[in-house]
Amino acid sequence: MPFLEIRNLEKKFGNVDVLKGIDLAIEEGGFLVLVGPSGCGKSTLLNTIAGLETITKGEIHINGRKVNDLHPSERDIAMVFQSYALYPNMTVAQNIAFGMEIKGVPKPERDKAVNDVSETLQIKHLLDRKPSQLSGGQRQRVAMGRALVRRPLVFLFDEPLSNLDAKLRVDMRTEIKRLHQSMKTTIVYVTHDQIEAMTLASRIAVLKDGILQQFGTPAEIYNHPANMFVADFMGSPAMNLIPVSVERSGQSVRLSMPQRSGDPLTLALPDSAGKIAGHAGGNVIFGIRPEALTDPDGADRGSAGVVLSECQIEVVEPAGSDTFAVTHLGGKQVVARLRADARVAAGSRMKLAFNLDKAVFFDPGTQLRIA
Amino acid sequence: MSAPSPEIAVKTRSLTRILIYAALIVFAVYYLLPLYVMLVNSLKPLDEIRQGDMLSLPQQFTLDPWFSAWSTAQIGVQPTGLKPYFLNSILMVVPAVAASTLLGALNGYVLTKWRFPGDNLVFTLMLLSCFIPFQIVLIPMAKVLGLLNLAGTTWGLALVHAVYGIGFTTLFFRNYYEAFPTELVRAAMIDGASFFQIFRRILLPSSGPIIVVTVIWQFTNIWNDFLFGVSFADVNSLPMTVALNNLVSSSTGVKEYNVHFAGAILAALPTLIVYVVSGRYFVRGLMAGAVKG
């Protein structure tokens with residue numbers, strides 16, 4: 001039985017449908033990340049779980065208990081807000097203990113809990129300070145301390161790292177992951193950053209316009225995106241989505257895509273790509289991640305689906321660990337990820353290795369994945 | 001095209017400076033002159049004022065006019081001085097300011113953090129009450145005070161001022177709390193705090209500047225009010241402003257200008273003190289809602 005379950009959840013603000021029938025479930029100790037562009041409804045979904053927003057239709061269950069009509073304080077959840085939402089007039093210790101104080105927990109017990117939590121988060125030296133005297137990272141820790149001390153069934157994080165600078169964000173990300181591994185509490189985490197989603201989640205839910213696009217493990221989402229939106233949204237640089245025509249010549253099936261100059265580039269599909277054979281004579285969208293499109297020496301030797309083909313390189317972007325080469329296929333800019341020391345010059349032609357085992361195909365009309 | 005040389009730029013700048021300061025000083029003197037006249041003349045015996053020079057410093061320094069204005073001058077028919085009326089004003093101002101400030105804060109809290117359908121309409125109506133002229137409400141208010149059995153009492157007067165002030169105080173607090181982060185309220189809700197606990201523990205402690213603004217605003221307006229005082233108070237509950245008028249306009253025989261001046265300063269003193277003590281916060285508080293961060 002799932003620990004947190006959301007059934008056919010709908011939310012309207014006046015006439016606007018913000019959430020249109022969301023179904024999600026996560027096991028105990030799972031790390032669910034809600035990801036999507038701004039305005040997709042991910043924060044609203046989190047707020048409905050917290051009880052800060054009412055729901056129009058559907059049910060929310062936590063640990064087998066229906067919580068639809070319960071007050072936020074009775075749902076056994078804790079939340080870390082984007083702005084941290086630390087009470088500015090209280091010290092760090094008072095902030096952490098506020099919930100217990102309201103519940104009427106006696107002072108010695110409160111002090112002990114505050115002490116334990118501040119030790120876990122290494123904020124003991126900050127207990128007497130006011131939030132205005134803390135740095136961004138410290139505020140973040142205090143906000144987590146206030147959530148931890150409640151020992152909730154479910155932690156809710158609303159874009160907790162988006163106010164931190166880039167380096168600190170990576171550190172805190174690791175810290176949250178470590179904390180989750182040691183405490184094994186169920187977490188629901190909202191972010192618009194797909195890297196945070198990939199690194200933290202045990203399950204990812206991708207949302208767009210209030211509709212759940214795909215729900216699965218990070219690997220499923222990354223390798224088998226359900227539609228072109230998910231394919232484009234997850235991964236950086238984004239997956240190349242190239243309009244191609246499918247041609248049959250004898251036994252084999254080929255993909256053909258026009259280049260900026262010269263003959264169209266054709267790729268013979270390996271036998272494994274059987275499903276696409278049914279689309280021969282038609283057009284499909286050919287999706288290939290930049291890391292599956294590389295220089296011949298950097299290609300995956302274990303894969304049987306590697307096909308070499310010469311392309312015109314238009315732009316070269318060295319990024320230190322990799323070199324990105326931009327070419328032009330099927331009327332789209334296409335990014336290839338080469339080894340850092342690959343010898344490549346802008347304006348020249350070079351052989352690129354297409355790993356067709358990693359390729360995915362979408363229907364240009366419905367945008368859904370077909371193979 | 002060459003830029004003006006640095007020396008010329010500096011000279012022009014200091015010349016502008018001098019002009020600005022000169023203008024400011026002229027204005028300051030102009031505004032302070034009435035206060036100066038009142039102060040000097042309240043410290044002179046009456047004979048000296050009669051000689052005609054209002055601007056000269058007292059030749060014979062005396063505090064008698066002040067004592068007289070405070071405790072022995074003729075107000076209407078009683079030689080009580082302004083003292084009992086000063087007390088009346090205090091008894092009227094303190095509850096009226098406290099009640100209207102507290103209710104305004106509560107209204108602002110509800111109108112921003114506990115939104116309900118039609119909340120903007122309610123706010124607009126409350127805002128409208130700021131624009132109702134005093135004169136329009138005189139007769140209905142007199143009727144209400146009669147029904148409540150509060151006619152002619154200090155409590156009645158305090159009630160009138162509290163009710164009349166709620167529109168303004170609600171406006172102040174509503175705009176201040178509009179910028180107050182809603183996430184704090186949500187965090188407190190998750191922590192289990194109730195409606196009033198959130199108000200008292202989270203919002204009020206952060207409301208210092210706007211409370212100061214509201215208190216100054218309400219204190220000054222209520223203390224200086226004349227129309228409500230003269231309309232609704234009876235002889236024993238007259239506020240300071242009305243008593244001052246009676247002192248100045250109804251004394252028989254000789255006009256004791258020095259006593260009148262002293263009385264006028266006494267009447268203005270509390271608002272003056274409030275400004276001097278908390279004027280800094282007043283400006284800061286007025287700006288607080290305007291500029292975020």
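In this predicted model, helices α6(B) and α7(B) are oblique to each other, because their axes cross at roughly 135° and angles between 115 and 145 degrees fall outside the ranges for roughly perpendicular and roughly antiparallel. Helix α6 covers residues 134–147 of chain B and helix α7 covers residues 154–178 of chain B, and their axes come within 12 Å. The crossing in which α6(B) passes α7(B) is right-handed. On the side of α6(B), the contact is formed by B:F134, B:V137, B:M141 and B:L145, while α7(B) contributes B:G156, B:L159, B:V160 and B:Y164. Classed by residue type, this contact of α6(B) with α7(B) comprises 7 nonpolar residues, 1 polar residue and no charged residues.

From the packing of helices the description turns to empty space. Rolling a probe the size of a water molecule over the atoms shows where such space is left. The structure contains 2 cavities of 30 Å³ or more.

The largest cavity has a volume of about 80 Å³. Its lining consists of A:M144, A:A147, A:L148, A:F155, A:F157, A:I176, A:L179, A:H180, A:M183, A:T185 and A:I187. Three elements of chain A give two or more residues to this lining, namely α4 (136–148), β7 (154–158) and α5 (166–183). Of the elements, α5(A) gives the most to the lining of the largest cavity, with 4 residues. The lining divides into 9 nonpolar and 2 polar residues, with no charged residues.

The second largest cavity holds about 60 Å³ of space. Residues of both chains line this cavity: A:A78, A:M79, A:F81, A:R146, A:A147 and A:R150 from chain A, and B:A187, B:I190 and B:D191 from chain B. At least two lining residues come from each of β6 (77–80) of chain A, α4 of chain A and α8 of chain B. The lining of the second largest cavity has 6 nonpolar and 3 charged residues, and no polar ones. A:A147 appears in the lining of the largest cavity and also in that of the second largest cavity.

Helix α8 of chain B enters the account again at a pocket. The second largest pocket has a volume of about 380 Å³. It is lined by 13 residues, of which A:L52, B:K113, B:W114, B:R186 and B:M189 are the closest to its centre. In chain B, α4 (83–113) and α8 (182–190) each supply at least two lining residues, and α8(B) gives the most, with 4 residues. The lining of the second largest pocket has 6 nonpolar, 3 polar and 4 charged residues.

Conventions. Residues numbered from 1 in each chain as written. Chains lettered and ligands numbered in written order. Predicted model: local features only at pLDDT ≥ 70, side-chain atom pairs only at ≥ 80, totals over all residues. Heavy atoms only, no water. 1 Å grid on protein atoms, 1.4 Å probe; cavity = no way out; pocket = protein on both sides within 12 Å on 5 of 7 lines; lining within 4 Å. Points joined across faces, edges and corners; volume = space filled by probe spheres on them. Nonpolar A, V, L, I, M, F, W, Y, C, P; charged D, E, K, R; others polar. Axes fitted to C-alpha atoms, helices over the stretch in contact; angles between N-to-C directions. Parallel < 35°, antiparallel > 145°, perpendicular 65-115°, else oblique. Left-handed = near helix turned anticlockwise from the far one by under 90°. Contact = heavy atoms within 4.5 Å.
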